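Trainee: Before we start, could you show me the model and then take me through how its labels are earned?

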Amino acid sequence: MDAWPQLVADFEARTSTGASLLEVFTQHVGHMARSYPDAYFVLGRKDDDSVADLSHRAFTVCAKVEKGRFPFSGRRPFAAYVAEAFEGRAIRYHSFYAKLSIAREILRDDYAKNLVRDPVLRARAELYKAIGDVLKEVATASPGGRGSPPRWRVGGPALVRPPEVVEAELRRRGLATLADQVPFALRHGGPASQAQLARLLGPLHRVAEPDELGPTAHDPGDVALTLSLREAVLDGWAALGEEDRGLLAALARGASYDELIATDPRFAHRVAVTRAVKRITNDFVARVEAVTGGNSSTGSPLMVLESILGVLSEVADLETA
Amino acid sequence: MSRELYEGLEAEGGLLGELVRLGRVRRAARELASDEYEEGWYVDETEPLAEAERLAADDGEGLVAATYAEGPWRLLVTPSPAGLLVLQQEGPAGGTVEAEGAWAALAPGEGALLAGIDRLPPALVVIDLDGRRWRLARGPS
């Protein structure tokens with residue numbers, strides 16, 4: 001008999017502390033996570049502690065966080081499992097084994113953070129972005145199906161070759177720029193997602209794969225500086241008008257120009273952008289640089305820039321594209 | 001001109017330029033991680049699949065294997081969380097299978113993946129080495 005439904009029910013009813021549930025939860029999360037490389041774990045290091053951390057956070061989400069998507073429908077996962085009398089296998093599936101499970105969502109988010117913090121991994125994100133710029137110019141996107149990213153294509157149906165053959169042919173022909181590589185890869189490798197193209201073209205640009213990397217360095221930061229930065233960012237934000245805040249938020253979340261115009265048509269005029277940038281420089285950047293020292297020759301440490309964006313994310317939406 | 005100004009802020013330098021650059025990298029990182037997540041990179045389900053796949057289909061349609069055949073071609077197709085797993089059981093080498101915008105190269109006796117498709121279509125298209133298109137109808141499960 002599968003003990004999981006009763007373990008979850010007892011925890012939900014507060015007739016147990018959840019220790020037994022957490023123990024088996026962690027065993028399964030460890031099994032699920034065995035195929036992931038370091039790059040997907042907090043601090044870029046996969047070890048017993050980071051796997052346990054992943055398990056604890058997934059458990060916390062299941063216990064505390066309402067999830068809108070199927071099959072939770074706005075309920076906490078553990079509450080949904082009990083309400084619908086899920087079998088043990090279904091509980092494990094939606095918690096960690098499914099492609100779109102709770103635990104894999106956390107791995108995705110940790111990987112996204114590592115893609116920014118690790119300089120080698122960051123090259124992958126920058127290559128992905130550059131490929132996206134080329135795709136918009138030369139290819140057309142079609143829906144990738146439910147729960148999958150769009151597929152890009154050029155031209156009509158053609159004989160599709162395996163990725164390793166396409167990569168070898170790209171090398172043989174000496175195609176060195178993304179403007180040449182991307183359409184060739186789609187024409188000869190068939191429709192692909194932007195991430196698949198990044199994986200295919202990464203070796204040609206000497207970009208390492210996630211499983212080739214060591215642990216990501218982590219800077220714990222300076223608490224006093226962080227607090228001063230926080231105050232300066234909030235003061236600077238308060239000093240800006242609505243229009244300037246909109247531009248700063250768009251820049252901070254990486255919005256394209258077209259996305260900016262869609263949300264605020266006033267920025268279709270150059271003078272509006274120029275004036276807003278000037279006010280942001282005078283009223284926001286100057287306040288922050290008074291704290292950081294504004295060393296333009298060496299640039300700001302990543303920790304400082306992340307702290308600024310972290311505080312901005314509290315007052316502005318930096319996630320929605 | 002305003003587009004060039006906006007997009008060129010990254011190269012302006014200074015704190016604002018650095019923030020713009022980081023914002024754009026963070027967005028690319030989120031989208032790359034999301035793509036890989038949705039495509040199921042590193043996903044390996046070790047629990048018995050039959051029940052898990054049934055649960056993934058919230059429309060109630062059961063996910064089972066099916067054969068597709070026409071002319072010399074015979075493919076065994078099995079849905080998985082990553083897409084349709086296609087095994088070429090019969091037919092010549094060098095074919096390409098297509099369904100719902102996804103493509104995969106075929107090899108006799110080997111598996112291929114039509115990524116991003118989560119349910120069995122009524123038919124598949126195979127293009128052989130001569131460029132001839134074959135429409136393979138779905139047979140019995």
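**From values to labels**

Trainee: Why is B:Gly111 called partly exposed?

Mentor: B:Gly111 has 13 C-beta neighbours inside 10 Å, and because a residue is buried with 20 or more other C-beta atoms within 10 Å of its own, exposed with 12 or fewer, and partly exposed in between (C-beta atoms being placed from the backbone), B:Gly111 counts as partly exposed. This is a predicted model, in which local features need pLDDT of at least 70 and side-chain atom pairs count only at pLDDT 80 or more, while totals for chains, interfaces and linings use all residues. Residues are numbered from 1 along each chain as its sequence is written, and chains are lettered from A and ligands numbered from 1 in the order in which they are written.

Trainee: What is B:Gly111 in contact with, leaving aside its neighbours within four places in sequence?

Mentor: Two residues are in contact if their C-beta atoms, placed from the backbone, lie within 7 Å, and on that basis B:Gly111 is in contact with B:Leu85, B:Val86 and B:Leu87, its neighbours within four places in sequence being left aside. The C-alpha atom of B:Gly111 is also 6.8 Å from that of B:Gln88, a residue 23 places away along the chain. B:Gly111 itself belongs to strand S6 of chain B, residues 111-115, where strands (E, at least two residues) and helices (H or I, at least four) are DSSP runs numbered from the N terminus.

Trainee: How do you know that the span of H7(A) is close to what is expected?

Mentor: The expected span of a helix is 1.5 Å times one less than its number of residues; H7(A) has 20 residues, for which 28 Å is expected, and it reaches 29 Å from its first C-alpha to its last. Among its buried residues are A:Leu121, A:Tyr128 and A:Ile131, and what covers the buried residues of H7(A) includes H6, H9 and H10 of chain A together with H2 of chain B.

Trainee: What makes a set of residues a nonpolar core?

Mentor: Such a core is a set of buried Ala, Val, Leu, Ile, Met, Phe, Trp, Tyr and Cys residues joined through C-beta atoms within 7 Å. The largest one has 60 residues, and those with the most contacts inside it include A:Ile131 and B:Leu32. Helix H6 of chain A gives the most to this core, with eight residues. A second, separate core has 33 residues, including A:Phe267 and A:Ile308. Returning to A:Ile131, its contacts beyond four places in sequence include A:Leu178, A:Val182 and A:Leu201.

Trainee: How many residues does each chain give to the contact between chain A and chain B?

Mentor: Chain A gives 69 residues and chain B gives 58. On the side of chain A that touches chain B, H14(A) gives the most, with nine residues.

Trainee: Where in chain B is confidence lowest, and where is it highest?

Mentor: Confidence here is pLDDT, the predictor's own value for each residue, from 0 to 100. In chain B it is lowest in helix H3, residues 49-56, at a mean of 46, and highest in H2(B), at 93. The mean pLDDT of chain B is 81, with 84% of its residues reaching 70 or more. Over residues 48-54 of chain B the pLDDT stays under 50, and the model has eleven contacts beyond four places in sequence for them.
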